[in-house]
Amino acid sequence: MEEELLKVFDEQFNPIGKAARTKIHAEGLWHETVHFWLITKTSGNYYVFLQKRSKSKKDYPALLDITAAGHLLAMETSEDGIRELQEELGLPAIEVDKLFKLGLVKNIIHTNQLIDNEFSHVYLYIVNKDISFQLQETEVSDIVVSEFTAFYQFCMAERNELLIYPWRNGIVVSEEERKVGKNSFVPHEEAYFKKVAELLNQQLENLK
């Protein structure tokens, strides 16, 4: 099967060609991704949804990550990335008036297995508290939530641990809380976490 092609960029986000995903990750070429952070409001507090990656994933199995994310193919725009919400989370329809594009953020992950240099189109999607998910089990094993203020402080390195809770049928299962540290997350750089937290917080403030 022919490998999918992604657009390649220089460090200033100027397009310079196309390449296969394996080549991009092997050589650390800059490419595009799309990141969707889902947030809901319940009992007067904002909660951010986090996905737990499937144990069968080649990269970062069973780690916590962005609610939904994916690579953009060479012919796609950032708006085409909405398919990730449908594919990974099983959301049947997207309410465009609750979808906010927050900006383009550099996202760098370097491990022994790959060199991942991304320009990530970051979105906030406000969802109703009774949202339900139909997870693509090969990609996502579970969805949990964290209170946004605590998540913001965690991203800004103001706290070392974060409380996460199961999300079941629109209810935060507080009695099953669990503490996690950064080692429970996909190893995005600290600069990425800080920038995303700032963008999310700013948009939530604007919505008040």
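Two strands are taken to pair if DSSP finds at least two bridges between them, and the strands themselves (E, at least two residues), like the helices (H or I, at least four residues), are DSSP runs numbered from the N terminus. With these terms in hand, one such bridge can be placed: Val 48 in strand E4 has Ser 146 in E9 as its bridge partner. The structure described here is a predicted model, in which local features need pLDDT of at least 70, side-chain atom pairs count only at pLDDT 80 or more, and totals for chains, interfaces and linings use all residues. Residues are numbered from 1 along each chain as its sequence is written, and side-chain values use heavy atoms, with hydrogens and water left out.

Overall dimensions come next. The protein has four helices and 12 strands, and its C-alpha atoms fill a box of roughly 50 × 35 × 35 Å along the principal axes. The radius of gyration, taken over C-alpha atoms, is 17 Å, which agrees with the value near 17 Å that a compact globule of 208 residues would have; the globule rule used is 2.2 Å times the number of residues to the power 0.38. Of the 208 residues, 49% count as buried, where buried means under 20% relative accessible area, exposed over 50%, and partly exposed in between (1.4 Å probe, protein chains only). The exposed surface comes to about 10700 Å², of which carbon and sulfur atoms supply 47%; these areas come from the Shrake-Rupley method with a 1.4 Å probe, and for residues only the protein chains shown count as cover. Contacts (heavy atoms within 4.5 Å) often span the sequence: among those between residues at least 6 apart, 61% join residues at least 24 apart.

Strand E4 (45–53) is a helpful guide to the strand pairing. Seven of the nine residues of E4 are buried. On the E3 side, E4 pairs in the antiparallel sense over four bridges, with Thr 40 opposite Tyr 47. The two strands E3 and E4 form a hairpin with two residues between them, and Ser 43 in the turn has a positive phi of about 50°. E4 also pairs with E9, again antiparallel, over seven bridges. A further antiparallel partner is strand E5 (residues 64–65), joined to E4 by two bridges, and here Gln 51 stands opposite Asp 65.

Strand E3 (residues 30–42) likewise runs antiparallel to E6, with four bridges between them; Thr 33 stands opposite His 71. Within E6 (residues 68–71), Ala 68 and Gly 70 point one way while Ala 69 and His 71 point the other, and all of these residues are buried.

The interior holds a nonpolar core, meaning a set of buried Ala, Val, Leu, Ile, Met, Phe, Trp, Tyr and Cys residues joined through side-chain atoms within 4.5 Å. The largest such core has 31 residues, and those with the most contacts inside it are Trp 37, Ile 39, Phe 151, Leu 162 and Leu 200. Elements giving two or more residues to this core include E3, E4, helix H3 (148–155) and helix H4 (190–206), and H4 gives the most, with seven residues. Leaving aside neighbours within four places in sequence, Leu 200 is in contact with Trp 37, Ile 39, Leu 102, Leu 124, Phe 148 and Phe 151. A second, separate core of 23 residues includes Phe 36, Leu 91, Ile 143 and Val 172.

Charged pairs complete the picture. A search of the whole structure finds 13 salt bridges, each a side-chain nitrogen of Lys or Arg within 4 Å of a carboxyl oxygen of Asp or Glu. In one of them, the closest N and O atoms of Glu 4 and Arg 21 are 2.3 Å apart. Glu 4 lies in the segment before strand E1 (5–9) and Arg 21 in helix H1 (residues 21–27), so this pair ties together parts that are 17 residues apart in sequence. Both residues are partly exposed, Glu 4 at 34% and Arg 21 at 28% relative accessibility. Another salt bridge joins Lys 7 to Glu 32, with 3.4 Å between the closest N and O atoms. Because Lys 7 lies in strand E1 and Glu 32 in strand E3, the pair ties together parts that are 25 residues apart in sequence. Here Lys 7 is partly exposed at 23%, whereas Glu 32 is buried at 7%.
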